[in-house]
Amino acid sequence: MKFFIDTAEIAEIRELAETGLVDGITTNPSLIKQSGRDFIEVVTEICALIPGPVSAEVIATDTAGMLTEGRRLAGIASNITVKLPITWDGLKACRALTDEGIATNLTLCFSANQALLAAKAGASFVSPFIGRLDDLQVDGMELIHNIRTIYDNYGFETEILAASIRSAAHVEACALAGADVATIPPKVLKSLSQHMLTDKGLASFLADWDATGQKI
Ligand code: E4P
């Protein structure tokens, strides 16, 4: 499973990129607002830092507007993925951009039927939002399983990019469900390495080592 980082914070991206664990980045208008940065400027910087796909989202809600914005965003760098909402207009824009060779990420996916449409429109990625479904007491992970089954049934190549991830448990469940990508907030990514027994075991090894009086 590929790891994308769900942030527009350059410092966080730079720090995590050093681990070699970052395969791509996703942004959205809310993350751009949080960064306090100019959209085009920050996305340009991210594309220069991370060679993998960088999702940048259109604001227009009509197909023509999405195409204009999508082409402009795609012109920033060769690793831009144009993020479009899964609406009728977004699906039409997806088909047109795909036919032009521009990578697309269909976002705000909350049903398997929407994911089926995204694949048929030629999307590079579809982004099912797990956490926002869980917030409504709907099992977000079931959506990942259902999309995986549908895509495998028909050999669709659209990648399942699990989004709205809130916890380490979400990441593990996505990997078990066969998501192609998980886009993970930096804090959650860092939490993946944590285990109480790792900390306890390390403390005890270090204490025993100190007692030997040796040095490496
Ligand atoms: C990423 O592509 C999505 O925009 C993001 O994961 C949404 O996360 P949220 O539901 O925590 O806002």
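The following paragraphs lead through a predicted model, from its barrel of strands to its core, its helix contacts and two loop residues.

The central element is a barrel: eight strands close in the order β1-β2-β3-β4-β5-β6-β7-β8, and their pairing is parallel. From one strand to the next, the twist averages 30 degrees. In general terms, strands of a sheet pair through backbone hydrogen bonds, in either a parallel or an antiparallel sense.

One part of the barrel may be followed strand by strand. Strand β4, residues 80–85, pairs with strand β5, residues 104–109, in the parallel sense over four bridges. Within this pair, L84 stands opposite L106 of β5. Strand β5 also pairs with β6, again in the parallel sense, over three bridges. L106 takes part here as well, its bridge partner in β6 being V126. L106 can thus be traced to L84 in one direction and to V126 in the other.

The surroundings of these strands can be described residue by residue. T104 lies in strand β5. Because its relative accessible area is 0%, and buried means under 20%, T104 counts as buried. Leaving aside neighbours within four places in sequence, T104 is in contact with T81, V82, L84, C94, L97, T98, G122, A123, S124 and F125. Strand β6 is covered on both faces: F125 and S127 are buried on one side, and V126 and P128 are buried on the other.

Outside the strand pairing, helix α8 (residues 140–154) packs on the sheet and touches β5, β6 (125–128) and β7 (159–162). The direction of α8 makes about 175 degrees with that of β7.

The packing of side chains is seen in the largest nonpolar core, which has 60 residues; L84 and Y151 touch the most other members. Helix α8 supplies the largest share of this core, six residues. The contacts of Y151, apart from neighbours within four places in sequence, are A115, L116, A118, A119, V126, F156, T158 and I160. One of these contacts, V126, is also the bridge partner of L106 in β6.

A further contact joins two helices. Two packed helices are described by the angle between their axes and the distance between the axes. For α1 (residues 10–17) and α3 (residues 39–49), the axes come within 11 Å and cross at roughly 5 degrees. Since angles under 35 degrees count as roughly parallel, α1 and α3 are therefore roughly parallel to each other. In this contact, I10, I13 and R14 of α1 meet V42, E45, I46 and L49 of α3. The residues of the contact divide into five nonpolar, no polar and two charged.

Finally, two loop residues deserve attention for their backbone angles. Most residues other than glycine have a negative phi. Q137, however, has a positive phi near 65 degrees without being a glycine. Its place is in the loop between α7 (130–135) and α8. S164, likewise not a glycine, has a positive phi of about 60 degrees, and is found in the loop between β7 and α9 (168–177).

Is each of these residues buried or exposed? Q137 counts as exposed because its relative accessibility is 73%, and exposed means over 50%. S164 counts as buried because its relative accessibility is 11%, under the 20% limit.

Key:
Residues are numbered from 1 along each chain as its sequence is written. This is a predicted model: local features need pLDDT of at least 70, side-chain atom pairs count only at pLDDT 80 or more; totals for chains, interfaces and linings use all residues. Side-chain values use heavy atoms; hydrogens and water are left out. Two strands pair if DSSP finds at least two bridges between them. Helices (H or I, at least four residues) and strands (E, at least two) are DSSP runs, numbered from the N terminus. Axes are lines fitted to C-alpha atoms, for helices over the stretch in contact, and angles run from 0 to 180 degrees between N-to-C directions. Contact means heavy atoms within 4.5 Å. A nonpolar core is a set of buried Ala, Val, Leu, Ile, Met, Phe, Trp, Tyr and Cys residues joined through side-chain atoms within 4.5 Å. Buried means under 20% relative accessible area, exposed over 50%, partly exposed in between (1.4 Å probe, protein chains only). Angles under 35 degrees count as roughly parallel, over 145 as roughly antiparallel, 65 to 115 as roughly perpendicular and the rest as oblique. Ala, Val, Leu, Ile, Met, Phe, Trp, Tyr, Cys and Pro count as nonpolar, Asp, Glu, Lys and Arg as charged, and the others, Gly among them, as polar.
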